[in-house]
Amino acid sequence: MQSKRPSLARVHPAPETTWQQQYRDSITSIDTLCDALELHADELSTSQTAERQFPLRVPLSYVRRMQRSDPHDPLLLQVLPHALEEQEAAGYGPDPVGDLASVKSPGLLKKYHGRALLLATSRCAVHCRFCFRRHFPYALQNPRGDAWRSALDEIAADPSIEEIILSGGDPLVLSDRELTQLVGQLQAIPHIRRLRVHTRLPVVIPERINGELLDWINGCELDVVVVLHINHPRELDHGLQKRLRTLSAARCCVLNQSVLMRGINDDADTLVALSQHLFDAGVLPYYLHLLDKVQGAMHFDVDESTACAIMKEVAARLPGYLVPRLVKEQAGEPGKTPVAYQADVLPYPA
Ligand SMILES: *Cc1c(COP(=O)(O)O)cnc(C)c1O
Ligand code: SF4
């Protein structure tokens, strides 16, 4: 475990630190985070109750991209257990997108045609306060007890599945050896053509994109798609951009999805800058999600008409390929639901 007060050396680790070491050295206490950012906990409306429900966890590399002494920093607000998380409201619950209803075998979710989602691990490098799986009963859904056997059997028995989405938790918490082994088992199933990896790990620890990762991606017999999860242009600093360029030069397609959140990225300037920075790193924007109504995250919600007005401006300022699709997830639908924002489709309040 980490000591309570990080020295400056711990906030600025030597560049050769491995991703595994950075993962272990993550900040897990509000006091340590406040110290690192020169903030007082009482400036921040933190909540021990929220922290008990979903503990703080954030790697130092991500903390270094936060502005010191700024209690409203958009990166800080994504990881800080906040008193507003204790609010309750109708429509907000522990399983907002109906995950549990789509479980086919422990850790295997199938909601959409042709695609199945494998919860490859319950662990993440960062705990995001807006996460729709923050209440997920991972202990009951951990597919790894028997080396993914029952999930793999289920996939092999369903020839309609063409694409496996590794999710979690964050699949890149697994070692490259474990991933190579899992991918080997998936590519032995004849009807699987594509492998998708949904991850936020390289965003918070860019060193996760290293030679071993690129080796198994380049060697994979399946078509590989990596979907990153970057919400704010300040997350995409020079170090991350450099690593992402090596990923986008590998044998894979690299996309990004974001969640639209109040006080974090709910303005056109921020979203335009995000798309442009992504493109500079070789990444294309894929989805911009409306917030999933998960218990504890309602203070991030942006209502649909505001979201539409923001996206209208974003679309007017960018080439089409840099405009993410605005979507929401509705339990029981055959895919993510597009949210229309063009004036001729949706009338706006004056
Ligand atoms: C979001 C999601 C997918 C992927 O949907 P795409 O629109 O293809 O990105 C697949 N399965 C589940 C269970 C999902 O929640
Ligand atoms: S990394 Fe993804 S799965 Fe993990 S807490 Fe953040 S949003 Fe949730």
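Is K110 buried or exposed? Keep that question in mind, because we will select K110 partway through this tour, where its relative accessible area of 19% makes it buried. What you have open is a predicted model.

**Stop 1: the sheet**

Start with the strands. They form an open sheet of 10 strands with mixed pairing, in the order β1-β2-β3-β4-β5-β6-β7-β8-β9-β10. Now look at the edges, where β1 and β10 (337-338) stand: each has a single partner strand, so one side of each is left without a neighbour in the sheet.

**Stop 2: strand β4**

Select residues 163-167, which make up strand β4. Five of these five residues are buried, so the strand is largely enclosed by the rest of the structure. Show the side chains: E163, I165 and S167 point one way, I164 and L166 point the other way, and all are buried.

Next, bring in the neighbours of β4. Strand β3 (residues 115-119) runs parallel to β4 and is joined to it by five bridges; to find your place, look for L118 opposite L166. Strand β5 (residues 194-199) also pairs with β4 in the parallel sense, over four bridges. Here I165 stands opposite R196.

How does the chain get from β4 to β5? Add helix α8 (residues 176-187) to your selection, and you will have a right-handed β-α-β unit made of β4, α8 and β5.

Before moving on, zoom in on the loop between β4 and α8, where G169 is found. The peptide bond from G168 to G169 is cis, with omega near 15°. Most peptide bonds are trans.

**Stop 3: onward to β6 and β7**

Select residues 223-229 for strand β6, which is mostly covered, with six of its seven residues buried. Six bridges pair β5 and β6 in the parallel sense, and T199 has L228 as its bridge partner in β6. Strand β7 (residues 253-259) pairs with β6, again in the parallel sense, over five bridges. Click on V227 and you can look for its bridge partner L255 in β7. To travel from β6 to β7, follow the chain through helix α11 (residues 238-248); this β-α-β crossover is right-handed.

A little further along the sheet, strand β8 (residues 284-289) runs parallel to β9, and three bridges join them. L288 stands opposite L326 in β9.

**Stop 4: salt bridges**

Now switch to charged side chains, as the structure holds 21 salt bridges. Begin with D99 and R133, whose side chains meet at 2.8 Å, N to O. D99 lies in the loop between α5 and β1, and R133 in the loop between β3 and α6 (138-141), so the pair ties together parts that are 34 residues apart in sequence. Both D99 and R133 are buried.

Here is our opening residue: select K110 together with D158, whose side chains meet in a salt bridge (3.8 Å, N to O). The two sit 48 residues apart, K110 in the loop between β2 (108-109) and β3, and D158 in the loop between α7 (149-156) and β4. K110 is buried at 19%, while D158, at 23% relative accessibility, counts as partly exposed.

For the next pair, pick E329 and K111, with their closest N and O atoms 2.6 Å apart. E329 is in the loop between β9 and β10 and K111 in the loop between β2 and β3, so this salt bridge ties together parts that are 218 residues apart in sequence. E329 is buried, with a relative accessible area of 13%, and K111 is partly exposed, with 29%. Now select D99, K111, R133, E329 and K336 together: salt bridges that share partners join them into one network.

**Stop 5: two serines and a surface patch**

Most residues other than glycine have a negative phi. Select S45, in the loop between α3 (30-37) and α4 (48-53), to find a positive phi of about 45°. Then go to S69, in the loop between α5 (60-63) and β1 (103-105), where phi is positive too, at about 60°. S45 counts as partly exposed, at 41% relative accessibility, and S69 is partly exposed at 41% as well.

Finish on the surface with F279, L284 and Y321, a nonpolar patch with about 300 Å² of accessible area together. You will find Y321 in the loop between α13 (304-317) and β9 (325-328).

How values were computed: Residues numbered from 1 in each chain as written. Chains lettered and ligands numbered in written order. Predicted model: local features only at pLDDT ≥ 70, side-chain atom pairs only at ≥ 80, totals over all residues. Heavy atoms only, no water. Patch = residues over 30% accessible without salt bridge, like charges linked within 9 Å, V, L, I, M, F, W, Y side chains within 5 Å. Areas by Shrake-Rupley, 256 points an atom, 1.4 Å probe, with all protein chains shown as cover. Salt bridge = Lys/Arg side-chain N within 4 Å of Asp/Glu carboxyl O. Buried < 20%, exposed > 50% of the residue type's maximum accessible area, 1.4 Å probe, protein only. Pairing = 2+ DSSP bridges. Right-handed = clockwise from strand over helix to strand, strands pointing away.
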